[in-house]
Each structure stands twice: as C-alpha cells, then as structure tokens.
Amino acid sequence: MKHIAVIGAGTMGHGIAQVAALAGYQSTLTDAVPDALPAALERVRANLDGGVRRGKLTAEEMQAALDRFRTVTAVDEAVRDADLVVEAVIEDLDVKRALFRELHALTQPSCILATNTSSLSVGAIAEASGRPARVLGMHFFNPVHIMKLVELVVHEGTAPATLDAVRAVAVRLHKVPITVKDRPGFASSRLGIALGLEAMRMVEEGVASAADIDTAMKLGYGHPMGPLEVSDLVGLDVRLAIAEYLERALDDTRFAPPAILRRKVKAGELGKKSGRGFHEWPIQSS
C-alpha cells in the first residue's frame, strides 16, 4: 500500500486523509463540491500545526505530511492509481452504492474499497461495487486525528486478505482496529445510540439535567464524554437518522427516537455545529 484516496472532504474525510499522509502514505482527497477542498486543506494545516505546538509533531514531520497530501477535484484522477479508496460521503445508501459502482470502473482491479459508514449495510454497498471480496467497512471516529478506534466491518463476501491488508493500514495509521460483522449499527453505533437515546429519555422525563447525566457517566463510569455531549458532537440530525434506521433494520422499538430528539432537530438545535443541542456550544469562526 502506497496511495490512499479519500472521497468526501467533510469532517471525517479530511481527517482520514490527514492521518494517511502523516503515516507516510500518498494521500489524495476529493469532493463533489470543489469549494470544500480549500477549507479541508486549511483544517488539515490547522490540525497539524496544533500538533506541532503541543509537541506531538516536529515541523519537519508536518511539512512531510503536507508534501504527501493533495486535493483534486476529479474523482477519476484521485483514485486512478490508489491502492485503497475510503469513501466518506453523505450517509445515504443509494448515494454510496452509486459511488461504488462508479469506483469499479475507475480504480485498478487490485484496489480495495472501504466505506466509512457508521451504520449502513456494508454488504449492500459492496454488492454494487463489482468486487465485493475487496470491500469492507472502515469506520473512523471523530475527530479522526485524535480518536484511536477504527471498526473494520466485514460482510459475508469480504476476503480474509482484504481484512488483513486494511488491518495493517489501520495499525500504521496508529489506530486500534476491531473487527465486527456487518449488522445494523455494527458495535459502536448500536451501543452508542442505545446509551444516547436512553439519556435523552431521562432528560425528557425530568430524571436529571443533561449536564448531570453526562457527569454521571464521566465520573461514575469513566467515560471521557457523556452520552449527550457525544450526541451533540456527532450531530442530533445524524443521531436521529441512525436511530430511525436501526429501529427499522432491527425491528426494535428500543431505537425509536424520543420526542425530544425530534423536536430539537426540527428546531435546528443540532448540537455543536449549530451552537445548541442538549448543551450550549460556542460557534467557531471560519
């Protein structure tokens, strides 16, 4: 593996491309919206610069990573000679399947295709690719350059060699990979959503405030962040969509979104990105 291409320059995509460049891979980032690329590059620069200021990186390591990192507007140019393509586009099954059909024609036959989906069926995405044996899930966590976990999601057709190759990549990225089967919500999203939804119901019932519920989980159970803080960070609109999907896919009312979540999303209270969710968040200037 020498070249990793990332499709989607949003919160997850630019972070994946950043850690790939820092680990020594040639890293190419592309997005369907060309204007997203300069902003993504600036975020990568800011993240790396922060690492230098904190003593985590040297200035030379930062420059070397930037030298290996590039952005391009055309998908075919981004993936043409890639050894691994990581998809990090909108969480929509039809969109992802259409992209994987396109990637089959644009990439080398040996190229591995990975999806960063947090809950959708990897098997359904792989089926559209024309090479299901070389497809798996590679679910990173936000912020990618800090969070250590990556879920490797294998569907029934994933070849063992594909899993081995991507596990080696994850380790080189300084991540801790876990392997899970392709089931709705995988491991992390299913558990995280269950905890987050129950915390929301407790707020709704007046059991305790959002701040106190989060404090209980941080100080009582050692969680680095409370379930409502995590929900705000992920985005309440994203949490709502995943909960609705899991309720349908698992036919389980435990994942039915509580009314308070629907109200907040309808009101535009989406969490950190909007400045308000279950907590208040300062809006970062661009």
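Let's start with Lys 96 and Glu 87, whose side chains form a salt bridge with N and O 2.3 Å apart. Keep in mind that this is a predicted model. So where does this pair sit, buried or exposed? Lys 96 has a relative accessibility of 1%, so it counts as buried, the cut-off being under 20%. Its partner, Glu 87, is buried too, with a relative accessible area of 0%.

Now please turn to Glu 77 and Arg 70. Their side chains also meet in a salt bridge, at 3.5 Å from N to O. Here the setting is another one: Glu 77 is partly exposed, at 32% relative accessible area, and Arg 70 is partly exposed as well, at 34%. Both values fall between the 20% and 50% cut-offs, which is why we call these residues partly exposed.

Next, a pair that spans some sequence. Asp 237 makes a salt bridge with Lys 273, and their closest N and O atoms lie 2.9 Å apart. Which parts of the chain does this pair link? Asp 237 belongs to helix 11, residues 236-250, while Lys 273 is in the segment after helix 12 (259-266), so the pair links distant parts of the chain, 36 residues apart. As for its surroundings, Asp 237 is partly exposed, with 26% relative accessible area.

Some of these contacts go beyond single pairs. Lys 264, Glu 269, Arg 276 and Glu 280 are joined into one network by salt bridges that share partners.

And how many salt bridges are there by this rule? The count comes to 15. Thanks, everyone, and I'm happy to go back to any of these pairs on the screen.

Note on methods:
Residues are numbered from 1 along each chain as its sequence is written. This is a predicted model: local features need pLDDT of at least 70, side-chain atom pairs count only at pLDDT 80 or more; totals for chains, interfaces and linings use all residues. Side-chain values use heavy atoms; hydrogens and water are left out. A salt bridge is a side-chain nitrogen of Lys or Arg within 4 Å of a carboxyl oxygen of Asp or Glu. Buried means under 20% relative accessible area, exposed over 50%, partly exposed in between (1.4 Å probe, protein chains only). Helices (H or I, at least four residues) and strands (E, at least two) are DSSP runs, numbered from the N terminus.
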